[in-house]
Amino acid sequence: MVKLTIDGQEVQAEEEAMVLDVAKDNNIYIPSLCAHESVMPYGACRLCLVEVTKNGRERLVTSCLYPVEEGLVVRTNSERIASNRRTLMELLLARCPESKAIQDLAKRLGVEGTPFPLEDHKDCILCGLCIRVCQEVVGVSAISLVNRGVEREMAIPFYDDSEACIGCGSCAYVCPTDAIKMEDVSDTRTLTMPNNKTEFKLAKCKVCGKYWAPQKQLEYITSKVDLPSDFFDRCLDCRE
Ligand code: SF4
């Protein structure tokens with residue numbers, strides 16, 4: 001274990017833990033959009049900027065990627081941090097002017113508008129969280145970031161090959177701005193991404209008759225794990 005100070009509060013943390021996680025564990029708020037406990041940190045949104053002091057030197061770092069150290073002094077809300085976060089929020093407000101998640105976070109951080117020209121509204125902030133979850137948790141890698149500069153966007157390969165996607169919806173679940181939407185109606189799940197819409201047939205529970213999970217997802221799991229052929233005949237509610 002190591003001891004460090006965050007906003008004047010002495011805390012203990014596991015070696016190699018990231019400052020953002022340690023702050024969260026100690027109820028110290030640091031804003032973030034792209035971090036999630038189930039995947040590796042990526043530092044995309046940069047809202048989790050903090051100031052660290054080490055050997056008398058102070059600098060700004062991204063707390064989701066910065067490991068704790070013995071004696072480290074961390075500040076989460078100096079004027080310098082607030083100024084950088086304000087600019088980041090203003091850029092996000094210009095990119096996603098209609099996003100409720102972005103508006104809510106801007107309000108929480110005291111940012112009321114943006115001096116930057118408004119872009120055509122997008123929900124996706126390119127944080128890559130969906131991509132990391134699809135790759136690291138689901139193990140599928142069905143989506144990625146493509147193009148460069150202002151053309152950068154999240155997409156399925158070649159914009160129309162959704163073959164790899166199993167319709168699990170994990171990407172929609174973790175998206176911080178609801179840029180990916182998932183809807184189940186009757187026997188069909190529709191997954192809507194910024195550049196693509198895909199439908200998946202849902203499997204029917206043989207006990208209660210409810211449509212409960214994408215057939216393709218169940219086939220994927222069955223192919224990875226040695227399960228009896230009738231294992232997914234019943235939905236989770238109808239299992240003993
Ligand atoms: S729904 Fe498709 S793209 Fe999204 S996490 Fe699942 S496999 Fe990946």
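At roughly what angle do the axes of helix 2 and helix 3 cross? In this predicted model, the answer is roughly 155°, with the two axes coming within 10 Å. Angles over 145 degrees count as roughly antiparallel, so helix 2 is roughly antiparallel to helix 3. As for handedness, helix 2 goes past helix 3 in a left-handed crossing.

Who does the touching? On the helix 2 side there are Met89, Leu92 and Leu93, and they meet Ile102, Gln103, Leu105 and Ala106 of helix 3. Sorted by class, this contact comes out as 6 nonpolar residues and 1 polar, with no charged ones.

Now for the cores. The largest nonpolar core counts 40 residues, and Ile143 and Met154 have the most contacts inside it. Here are the elements that each give two or more residues to that core:

| Element | Residue range |
|---|---|
| helix 2 | 79-95 |
| helix 3 | 100-108 |
| helix 4 | 129-138 |
| helix 5 | 170-174 |
| strand 9 | 188-193 |

Helix 4 gives the most to this core, putting in 6 residues. In soluble globular proteins, nonpolar side chains tend to be buried together.

Met154 is worth a look on screen. Leaving out residues up to four places away in sequence, Met154 touches Cys124, Leu126, Cys130, Ile131, Ile143, Ser144, Leu145, Ile180, Met193, Pro194 and Asn195. So Ile143 and Met154, the pair with the most contacts inside the core, also touch each other.

There's a second core too, separate from that one: it has 21 residues, among them Val19, Cys48, Val61 and Val74.

Note on methods:
Residues are numbered from 1 along each chain as its sequence is written. This is a predicted model: local features need pLDDT of at least 70, side-chain atom pairs count only at pLDDT 80 or more; totals for chains, interfaces and linings use all residues. Side-chain values use heavy atoms; hydrogens and water are left out. A nonpolar core is a set of buried Ala, Val, Leu, Ile, Met, Phe, Trp, Tyr and Cys residues joined through side-chain atoms within 4.5 Å. Buried means under 20% relative accessible area, exposed over 50%, partly exposed in between (1.4 Å probe, protein chains only). Helices (H or I, at least four residues) and strands (E, at least two) are DSSP runs, numbered from the N terminus. Contact means heavy atoms within 4.5 Å. Axes are lines fitted to C-alpha atoms, for helices over the stretch in contact, and angles run from 0 to 180 degrees between N-to-C directions. Angles under 35 degrees count as roughly parallel, over 145 as roughly antiparallel, 65 to 115 as roughly perpendicular and the rest as oblique. A crossing is left-handed if the near helix is turned anticlockwise from the far one by less than a right angle, and right-handed if clockwise. Ala, Val, Leu, Ile, Met, Phe, Trp, Tyr, Cys and Pro count as nonpolar, Asp, Glu, Lys and Arg as charged, and the others, Gly among them, as polar.
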